[in-house]
Amino acid sequence: MFFFEQTFQTVLNGIDGAGGPMGAITNIANAILLLCALFAVYEAYARGGDARMIGIAAAKFLILGLVVSNYSTIFRNVNGAFNQVAATVSPNDWANDWMLQVNQYFNGLGNANWFNLVVSSIVALVSVLVQLIAAVLFPIALLIFTILYCLYGAVLYAVGPMVLALYPAFGVGQLARSYLVNVFVFHAWGIVYALFSVLLTAINAQSLGAMLAANSLGGWFQGASGALLMSLASILFAIMVALIPFLARRIVTGEIG
């Protein structure tokens, strides 16, 4: 399980814990579902007592009642299934591994080497600045991605019962359909993340040691120094992490363009 998925599990446990909001949210969802059921019966009566319409409405409300009652278990099972797919695609947490490798690289330089680079020349100073940008940019991008993943998932989890309760209601069922699309988009983040790992493995860019030995990033940036190559790779990986939410939404909604 990737780092951001583990963090999200902690968030879910906090929401479901003692004093969490899910009990009240489920009660509100049941009330909404009951009101929608009464409205469906009234609508069927207004149309001349359409027995078929009443039967369809009863089936919908029965299914949704079971979903709302077991919402936490269903959501966690769906989340676990998508996480398992992502882990099958790539069992390695490439971003976390890369950050550890970069940290070891900078620790290996030592303070003396850093000082010598800064005072040696303008070119060396620029190289140090690029390395500092890369060292800061990638962890920040990964942190923001993790926070947004947990926030997105927490909002979907918390409002899910109330939105799904509106699904059979006339005129507002589109909200529930939009919610289901967002659930798939949210879970696609992990799969896109895993696919990036496969891509990086294919071009031998997942290991800093292998990259420095090849003196290129999958054939690119040839001739760059080791420090510059590591910095450019970190910046590129930060951009990849930032693009995951946009790619996931476009893939799920079919707007690849």
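# Briefing: pocket, cavity and aromatic cluster

By class, eleven nonpolar residues make up the lining of the second largest pocket, with no polar and no charged residues among them. The structure discussed here is a predicted model. Beyond that pocket, a search of the whole structure finds one cavity of 30 Å³ or more and 21 aromatic pairs. The points below take the pocket, the cavity, the aromatic residues and two buried positions in turn.

**Second largest pocket**

- The second largest pocket holds about 200 Å³ of space.
- Its lining consists of V67, Y71, I74, F75, V78, F82, L164, Y179, L180, V183 and F184.
- Helices α4 and α7 each supply at least two residues of this lining.
- The most is given by α4, which provides five residues to the lining of the second largest pocket.

**Largest cavity**

- The largest cavity has a volume of about 30 Å³.
- Two elements, α4 (71–89) and α7 (173–202), give two or more residues to the lining of this cavity.
- Here α7 gives the most, with four residues, whereas in the second largest pocket the most comes from α4.
- The residues that line the largest cavity are E5, F82, N83, A86, Y149, F186, H187, G190 and I191.
- This lining divides into five nonpolar residues, three polar residues and one charged residue.
- F82 appears in the lining of the largest cavity and also in that of the second largest pocket.

**Aromatic residues**

- One of the aromatic pairs joins F2 and Y193 in a tilted arrangement, with 4.8 Å from centre to centre and 55 degrees between the planes.
- F2 belongs to the segment before α1 and Y193 to helix α7, so the pair ties together parts that are 191 residues apart in sequence.
- F2 counts as buried because its relative accessibility, 2%, falls under 20%.
- Y193 is likewise buried, with a relative accessible area of 1%.
- Both residues belong to one aromatic cluster, formed by F2, F4, F8, W94, W98, F145, Y149, Y152, F186, W189, Y193 and F237.
- Y149 and F186, members of this cluster, are also found in the lining of the largest cavity.

**F4 in helix α1**

- F4 lies in helix α1, which spans residues 3–16, and is a member of the aromatic cluster.
- The relative accessible area of F4 is 1%, so the residue is buried.
- Leaving aside neighbours within four places in sequence, F4 is in contact with F145, T146, Y149, C150, G190 and Y193.
- Among these contacts, F145, Y149 and Y193 are members of the aromatic cluster, while Y149 and G190 line the largest cavity.
- The C-alpha atoms of F4 and N96 are separated by 9.8 Å, although the two residues are 92 places apart along the chain.

**N79 in helix α4**

- N79 is placed in helix α4, an element that contributes to the linings of both the largest cavity and the second largest pocket.
- N79 counts as buried because its relative accessibility is 0%, under the 20% limit.
- The side chains of N79 and Q9 are joined by a polar contact of 2.7 Å.
- Not counting residues up to four places away in sequence, N79 touches F8, Q9, Y149, F186 and H187.
- Of the residues that N79 touches, Y149, F186 and H187 also line the largest cavity, and F8, Y149 and F186 are part of the aromatic cluster.

Note on methods:
Residues are numbered from 1 along each chain as its sequence is written. This is a predicted model: local features need pLDDT of at least 70, side-chain atom pairs count only at pLDDT 80 or more; totals for chains, interfaces and linings use all residues. Side-chain values use heavy atoms; hydrogens and water are left out. Buried means under 20% relative accessible area, exposed over 50%, partly exposed in between (1.4 Å probe, protein chains only). Contact means heavy atoms within 4.5 Å. On a 1 Å grid over the protein atoms alone, a cavity is a set of points where a 1.4 Å probe fits but cannot get out, and a pocket is an open set with protein on both sides within 12 Å along at least five of seven lines; lining residues have an atom within 4 Å of a point. Grid points are joined across faces, edges and corners, and a volume is the space filled by probe spheres set on the points. Ala, Val, Leu, Ile, Met, Phe, Trp, Tyr, Cys and Pro count as nonpolar, Asp, Glu, Lys and Arg as charged, and the others, Gly among them, as polar. A polar contact is a pair of N or O atoms within 3.5 Å; within protein, one must be able to donate a hydrogen and the other to accept it, and residues adjacent in sequence count only if both atoms are side-chain atoms. Rings of Phe, Tyr and Trp (its six-membered ring) pair if their centres lie within 6.5 Å; planes under 30 degrees apart count as stacked, over 60 as edge-to-face and the rest as tilted.
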